[in-house]
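Student: I'd like a close look at a single part of this model. Pick a spot, start from one pair of residues, and show me how the surroundings fit together.

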Amino acid sequence: MEIRKPVIKSIPYDEWKDNASLEAIIDELNEGGVNVVLGNLDALINWGRSNSLWSLTFATSCCGIEFMACGCARYDFARFGFEVTRNSPRQADLIMCAGTITHKMAPVLKRLYDEMAEPKYVVAVGGCAISGGPFKQSYHVVRGIDEFMPVDVYIPGCPPRPEAILYGMMQLQRKVKVEKFFGGVNRKEKNPQPLVTRDLPKRIAGEVRGWMSECAAAIRKGIEDSFK
């Protein structure tokens, strides 16, 4: 038995944009062969998992509004089986990172990812989560969440339209459908350390210290003036 190509009823297989990368995953999983019984169980379980994805939303900016629009009546992503959002990482299958991630947020996001049970996935929504977006030259914004956690699906845009988010989620469904749930490694992932702010250039660090000193002086002056 071989792992078959995933089928999404909404879109024919030939109309997807990245069939080559998906078929490479299928070929890698089929190298060692697939047991008939376990292969059919894989197909059944992955069918259920792909149609019941529970997301842990991490929306920090305008991309979160687009994600909210997906849940409204016009788009209604409940039709696809991934409308349930959870507030606990222990009940979630994936992290939907929608928006800008700063260096201060990165360790928190990484901790949430680590608390999720395997198999788990990450979806980067929008230019900020993918590469830093318009803030990539800023000293405090992470230039893509893939610097400290593995990303399964990238949804480009600033912000992406709800149709793009639906397309990206269906891409994730396709990826889930071709995994080996029993035995084998579903995917290879790196586990780098979270980004730290000590790597800032000296010039920027000096400017930040100057701004902080000015703010502290202004606050101190305001407090002193309030007692006069």
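Tutor: Let's start at Ala-59, which stands opposite Ala-98 in E3. Keep in mind that this is a predicted model. Ala-59 closes strand E1, residues 55–59, while E3 covers 94–98. E1 and E3 run parallel, paired through 5 bridges.

Now zoom out to the sheet. It is open, has 5 strands in the order E2-E1-E3-E4-E5, and pairs in the parallel sense. E2 and E5 are the edge strands, each with pairing on one side only.

From E3, step across to E4. These two are also parallel and share 5 bridges, and here Cys-97 sits opposite Ala-124 of E4. The connection between them is a right-handed β-α-β unit made of E3, helix H4 (residues 106–115) and E4.

Ala-124 also looks the other way: it stands opposite Tyr-154 in E5. E4 pairs with E5 (residues 153–155) in parallel over 3 bridges. To get from E4 to E5 the chain passes through H5, again a right-handed β-α-β crossover.

So what about E4 itself, buried or exposed? All told, 5 of its 5 residues are buried, so the strand is largely enclosed by the rest of the structure. Side chains in a regular strand alternate between the two faces of the sheet. In E4, Tyr-121, Val-123 and Val-125 lie on one side, Val-122 and Ala-124 lie on the other, and both sides are covered.

Part of that surrounding comes into view if you look at helix H3, residues 62–70. Its buried residues are Cys-63, Gly-64, Phe-67 and Cys-70. Viewed down the axis of H3, they fall within an arc of 105°, so they line one face of the helix. That spacing makes sense: an α-helix has 3.6 residues a turn, so residues three or four places apart point the same way. The face turned away from the buried side carries Ile-65 and Met-68, which are exposed. As for partners, the buried residues of H3 pack against strands E1, E2, E3 and E4, plus helices H5 and H6.

H6 spans residues 162–177, and it is well wrapped up too: 12 of its 16 residues are buried, so the rest of the structure largely encloses it. Among the buried ones are Ile-165, Leu-166, Met-169, Leu-172 and Val-176, and also Gln-171, Arg-174 and Lys-175. Its length checks out as well: at 1.5 Å a residue, H6 should span 22 Å, and its end C-alpha atoms are 23 Å apart, which agrees.

With cysteines turning up along the way, you'll want to know about disulfides. The count is 0. Take Cys-128: it is in no disulfide, and its nearest cysteine sulfur, that of Cys-158, is 5.6 Å away. The pair doesn't qualify because a disulfide calls for the sulfur atoms to be within 2.5 Å. From the other end, Cys-158 is in no disulfide either, with the sulfur of Cys-128 its nearest cysteine sulfur. Their surroundings are unlike: Cys-128, part of H5 (126–131), counts as buried at 10% relative accessibility, whereas Cys-158 counts as exposed at 58%.

How values were computed:
Residues numbered from 1 in each chain as written. Predicted model: local features only at pLDDT ≥ 70, side-chain atom pairs only at ≥ 80, totals over all residues. Heavy atoms only, no water. Buried < 20%, exposed > 50% of the residue type's maximum accessible area, 1.4 Å probe, protein only. Helix = DSSP H or I, 4+ residues; strand = E, 2+ residues; numbered from the N terminus. Arc of directions from axis to C-beta. Contact = heavy atoms within 4.5 Å. Pairing = 2+ DSSP bridges. Right-handed = clockwise from strand over helix to strand, strands pointing away. Expected span 1.5 Å × (residues − 1).
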